[in-house]
Amino acid sequence: TCALPICVKETSGGLECSVPSWRPDINGEADLVEEVCRIHGLNNIPAVAMERDHPIAAPVLNPLQKRMLASRRALAARGFNEAVTWSFIPESHAKLFGGGQAELKLANAISSELTDMRPSLIPNLIAAAGRNGKRGFADLSICEVGHAYAGDRPQDETLRAGGVRRGNAVTRNWQGGARGVDAYDAKADALAVLDAAGAATASLQIVAGAPSWYHPGRSGTIQMGPQNKLAYFGEVHPRVLDAMDVKGPL
């Protein structure tokens, strides 16, 4: 204890250490061990491998994390560029996508335009597509894998994958002319992500009835049975694009 101004007294339960008032960074056993190592010298402490219960390391990723990585790879393989957007959106955008509830409003928003937790990944991707379109990028495919929020409870936070395409699905080439992206391309993207995540895509059903922010005649729902809805796809409703001041179709 001569090198450290810490008074140590041995008791029946171990060591009792009195830390000086000018060392508020020492609080607990780990900090005391760090101080001893610092004075003794890390070079003087032999490296010892940690004990393992089994010679083969256990997996560190849970199933949800594996699906997240697989979804990202699947979207990238289909030509998407990954975006990382805020989890906050304007109230006007949140209401377009089923959000805007009082429990999803931020008590201390970082900006007057970022006031609500996002109920979907799509509004931020649409806004990003709009910004890119105004800078001359006509053909665009962007995606994001992140969390969306339906309420303020832990179970209301869900991990989702979303993507937006605009412009040409196939550019002009020696085999023929260009072809614009349509709802069938979005359907193929959604099925590819579900397949990568481990869903039994061969037994899925494609039905009408996508949420209101989709075009009613150019969209669909992918589900396994009437209650288990896995994904939505389709063309974004022109009313939504007008409200967000984004040129479509998307």
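The crossing of helix α2 with helix α5 is right-handed, and in this predicted model the two helices, residues 63-77 and residues 183-196 respectively, pack at an angle of about 145° with their axes 8 Å apart. Helix α5 also packs on a sheet, where it touches β10, β11 and β12, and the loop between β10 and β11 holds tryptophan 213, a residue that forms a ring pair with phenylalanine 97 from a distant part of the chain. The points below take up the helix contact, the two sheets, the aromatic rings and the segment after α6.

**Helix α2 against helix α5**

- On the side of α2 the contact is made by Ala70, Ser71, Ala74 and Leu75, while α5 contributes Ala192, Val193 and Ala196.
- Sorted by class, the residues of this contact comprise 6 nonpolar and 1 polar, with no charged residues.

**The sheet β10-β11-β12**

- Three strands, in the order β10-β11-β12, form an open sheet whose pairing is antiparallel.
- Because β10 and β12 stand at the edges and each has a single partner strand, one side of each is left without a neighbour in the sheet.
- From one strand to the next, the twist of this sheet averages 25°.
- Helix α5 packs on the sheet in contact with β10, β11 and β12, and the direction of α5 makes about 150° with that of β12.
- Strand β10 (residues 205-207) is joined to strand β11 (residues 214-224) by 3 bridges, the two strands running antiparallel, and within this part of the sheet glutamine 205 stands opposite glutamine 223 in β11.
- The hairpin formed by β10 and β11 has 6 residues between the strands, and in its turn glycine 209 has a positive phi of about 100°.
- Strand β12 (residues 228-236) pairs with β11 over 7 bridges, again in the antiparallel sense; serine 219 stands opposite glycine 234 in β12, and methionine 224 has asparagine 228 of β12 as its bridge partner.
- The hairpin formed by β11 and β12 has 3 residues between the strands, and glycine 225 in that turn has a positive phi of about 85°.

**The sheet β3-β6-β7**

- A further open sheet of 3 strands has the order β3-β6-β7, and its pairing is mixed.
- Its edge strands are β3 (81-82) and β7 (157-166), each of which pairs on one side only.
- Strand β6 (residues 140-149) runs antiparallel to β7 and is joined to that strand by 10 bridges, with valine 145 standing opposite alanine 161 in β7.

**Aromatic pairs**

- The structure holds 3 aromatic pairs, and ring pairs link Phe97, Trp213 and Tyr214 into a cluster.
- In the pair of phenylalanine 97 and tryptophan 213, the ring centres are 5.4 Å apart and the planes stand at 45°, so this pair is tilted.
- This pair links distant parts of the chain, 116 residues apart: phenylalanine 97 belongs to the loop between α3 (91-96) and β5 (116-117), whereas tryptophan 213 belongs to the loop between β10 and β11.
- Tryptophan 213 also forms an aromatic pair with tyrosine 214, which is tilted as well, with 6.3 Å from centre to centre and 35° between the planes.
- Phenylalanine 97 counts as buried because its relative accessible area is 2%, which lies under the 20% cut-off.
- The relative accessible area is 15% for tryptophan 213, which is therefore buried, and 11% for tyrosine 214, which is likewise buried.

**The segment after α6**

- Aspartate 245 has its place in the segment after α6 and, although it is not a glycine, has a positive phi of about 55°.
- With a relative accessible area of 53%, aspartate 245 is exposed, since the cut-off for that class is over 50%.
- Proline 249 is likewise found in the segment after α6 (238-244), and the peptide bond that leads to proline 249 from glycine 248 is cis, with omega near 0°.

Conventions: Residues are numbered from 1 along each chain as its sequence is written. This is a predicted model: local features need pLDDT of at least 70, side-chain atom pairs count only at pLDDT 80 or more; totals for chains, interfaces and linings use all residues. Side-chain values use heavy atoms; hydrogens and water are left out. Axes are lines fitted to C-alpha atoms, for helices over the stretch in contact, and angles run from 0 to 180 degrees between N-to-C directions. Helices (H or I, at least four residues) and strands (E, at least two) are DSSP runs, numbered from the N terminus. A crossing is left-handed if the near helix is turned anticlockwise from the far one by less than a right angle, and right-handed if clockwise. Contact means heavy atoms within 4.5 Å. Ala, Val, Leu, Ile, Met, Phe, Trp, Tyr, Cys and Pro count as nonpolar, Asp, Glu, Lys and Arg as charged, and the others, Gly among them, as polar. Two strands pair if DSSP finds at least two bridges between them. Rings of Phe, Tyr and Trp (its six-membered ring) pair if their centres lie within 6.5 Å; planes under 30 degrees apart count as stacked, over 60 as edge-to-face and the rest as tilted. Buried means under 20% relative accessible area, exposed over 50%, partly exposed in between (1.4 Å probe, protein chains only).
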